Amino acid sequence: MRPSLAPCLLAALFVAAPLAAQEHDDAYASIATLQQQMKAGQLSSQALTRSFLERIHRIDQSGPSLHAVIETNPDALKIAAALDAKRTKTDGPLYGIPVLLKDNIDTGDHERTTAGSLALAAAPAPTDATVTAKLRAAGAVILGKGNLSEWASFRSSHSSSGWSGVGGQTKNPYALDRNPCGSSSGPGAAVAAGLVTVAVGTETDGSILCPSSMNGIVGIKPTLGLVSRAGIVPISHNQDTAGPMARDVADAATLLTVIAGSDPRDPATIDADKHKTDYTRFLDPNGLRGKRIGVVRQFAGNEPNADRVLDAAIATMKAQGAIIVDPVKLPHLNELGPLEMTVLLYDFKHDLKAYLATRTDLKVHTLADVIAFDKAHATQEMPWFGQDLFEQAEAKGPLTDKAYLDALAKVKRLAGPEGIDAALKAHHLDALLAPSEGPAFMTDPVLGDHIVSGDPTIGGSSQPAAIAGYPSIAVPAGWAHGLPVGIVLFGAKWSEPTLISIAYGFEQHTHAWRAPKFLNTVDGKPVAEGAP
């Protein structure tokens, strides 16, 4: 079931019009290329926005039916036309560029913010999230909302990534029976499929990095506090952050430059203005030269394709002048998981209540209300999996509980000062390197996700930086049977410039990105755009 959340005229506007070659080129063009065309008068923001809306109709709502976009902005074309009329030679790089937002990011307009749940679908948010406001101020066109794993994958331990009660199941554009990972599933699939140039996702632990890797794109999880979380449906104020998702490092750096900065609505960002910068300054094709990079082999050995791609990436880095320390051990990895879950369960109950207080037009005001809503609407909301994580969170007490405070202090110490920081210092490293989860797994709504893992006490390669609040980047690195495979780079707090430099240098010598073919399965036939 995929209920419509706003009047959508796409079907009437775009039926049967063939994709023009220019439109297809624009769909996969970089921000810099699109800006060159617009400044030269060869392209308008309105035409670009229209072409993306057209592709969404033909690829997302028809044909391959990716279900990557929950809702398009009914004002997008009008906004783009207004921007065209005011364009000047000094406008910034995002001016007139359509951007997709994950549907847990507030927009104070006609679009809903649902986190994929029908419980939040009754009314729009009253105001923009700070991230949304920054994008509008930079002249970006909010194209619409991307589907996601409902409640950012924090409703059930048996969920299928990319499924939500509002948006249905997002598909991977490289093989439609494969999963896009989550929870930023829609943004990841949409960017990969050329439905938008860039998107904003969110991460608590892996929700930007995993869908970026499995959809073959770049994803940046910033330092906690570099990007405001105000107006974003939360899981945990101790780990949540928004971040860019793009087809290349340059576009991701451009988007991060716009959304970074301090915000009085989010106390965690108090130091952001001291550290934010123009991240495009670090797009150095020789960014690998002289960098000391440590390989965390504890995350390898689980999936042979991921290991093969990791080893090839290491060879490329060495050839480009990087100094590789292999292996580097991160201590305490097997202690992080239970402590992290304790913190997230406590935080979710508390943080969700605070967020829902800003959505006064809704009938749910607490986690208990949402649990009751799901039970009352079980046919729509729980056809495949339940809400065991919700129930565990609801059973937790206040944030003054000793169990919570002890778990929070310990897990932050083990992941940060005694984990990432200790490893970087011991080997004089600029960054750490690990494999991603591997190629996309089959979507299975009955049994849930099938992420290949080794030691069950060790989480994914996103976990240490997520818990510590440190930055990480997923970069396309290779292929397995037509499916993209990425690598993950992470480092010290506020080390985005270094990570972007390394990632860009790697990208410029691999060029691993390829457009998807929308195959029905890895060895199947492509599903035509606009096919019934």
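What handedness does the crossing of H12 past H16 have? I looked, and H12 passes H16 in a left-handed crossing. Note to self: this is a predicted model.

**Entry 1: H12 and H16**

I pulled the axes of helix H12 (residues 333-356) and helix H16 (residues 402-427), which come within 9 Å and cross at roughly 135°. That angle makes H12 oblique to H16. Next I listed who touches whom. On the H12 side I have Glu 335, Leu 336, Leu 339, Glu 340, Thr 342, Val 343, Tyr 346 and Asp 347. Their partners in H16 are Ala 403, Tyr 404, Ala 407, Leu 408, Lys 410, Val 411, Leu 414 and Ala 415.

**Entry 2: H9 and H18**

I ran the same check on H9 and H18, whose axes come within 9 Å and cross at roughly 160°. That makes H9 roughly antiparallel to H18, since over 145 degrees counts as such. From H9, I found Val 249, Ala 250, Ala 253 and Leu 256 meeting Glu 496, Ile 500, Ala 503, Tyr 504 and Glu 507 of H18.

**Entry 3: the cores**

I then went through the nonpolar cores. The largest has 90 residues, and the members that touch the most others are Leu 135, Leu 195, Val 200, Met 317, Leu 433 and Ile 487. Helix H9 (residues 249-259) gives the most to this core, with 7 residues. Another core lies apart from it, with 32 residues, including Leu 336, Val 343, Tyr 404 and Ile 467. I recognised some of these from Entry 1: Leu 336 and Val 343 sit on the H12 side of the helix contact, Tyr 404 on the H16 side.

I picked Val 200 for a closer look. Skipping neighbours within four places in sequence, I get contacts to Val 99, Leu 100, Leu 101, Lys 102, Ile 105 and Val 131, among others. The list also includes Leu 135, Pro 187, Ala 242, Gly 243 and Leu 255.

**Entry 4: H6 and H4**

Leu 135 sent me to helix H6 (residues 130-137), where the buried residues are Thr 130, Val 131, Thr 132 and Leu 135. These pack against strand S2 (98-102), strand S3 (141-146), strand S6 (198-203), strand S8 (241-246) and H9. Just after H6, I noted that Gly 139 takes a positive phi of about 90°.

For helix H4 (residues 45-60) I tried a length check. Its 16 residues, at 1.5 Å each, should span 22 Å, and the end C-alpha atoms are 21 Å apart, so the two agree. I also counted burial: 13 of the 16 residues of H4 are buried, so the helix is largely enclosed by the rest of the structure.

**Entry 5: backbone oddities**

Which residues does the cis peptide bond with omega about 5° join? I traced that bond to Asp 326 and Pro 327. Pro 327 is in the loop between strand S10 (323-325) and H12. The peptide bond from Gly 182 to Ser 183 is cis too, with omega near 15°, and Ser 183 is in the loop between strand S5 (168-169) and helix H7 (185-192).

I also flagged two histidines for positive phi. His 428 has phi near 55° and is in the loop between H16 and strand S11 (431-435). His 511 has phi of about 50° and is in the segment after helix H18 (496-507). Buried or exposed, I wondered, for His 428? His 428 is exposed, at 60% relative accessible area. His 511 is exposed as well, at 54%.

Notes: Residues are numbered from 1 along each chain as its sequence is written. This is a predicted model: local features need pLDDT of at least 70, side-chain atom pairs count only at pLDDT 80 or more; totals for chains, interfaces and linings use all residues. Side-chain values use heavy atoms; hydrogens and water are left out. A nonpolar core is a set of buried Ala, Val, Leu, Ile, Met, Phe, Trp, Tyr and Cys residues joined through side-chain atoms within 4.5 Å. Buried means under 20% relative accessible area, exposed over 50%, partly exposed in between (1.4 Å probe, protein chains only). Helices (H or I, at least four residues) and strands (E, at least two) are DSSP runs, numbered from the N terminus. Contact means heavy atoms within 4.5 Å. The expected span of a helix is 1.5 Å times one less than its number of residues. Axes are lines fitted to C-alpha atoms, for helices over the stretch in contact, and angles run from 0 to 180 degrees between N-to-C directions. Angles under 35 degrees count as roughly parallel, over 145 as roughly antiparallel, 65 to 115 as roughly perpendicular and the rest as oblique. A crossing is left-handed if the near helix is turned anticlockwise from the far one by less than a right angle, and right-handed if clockwise.
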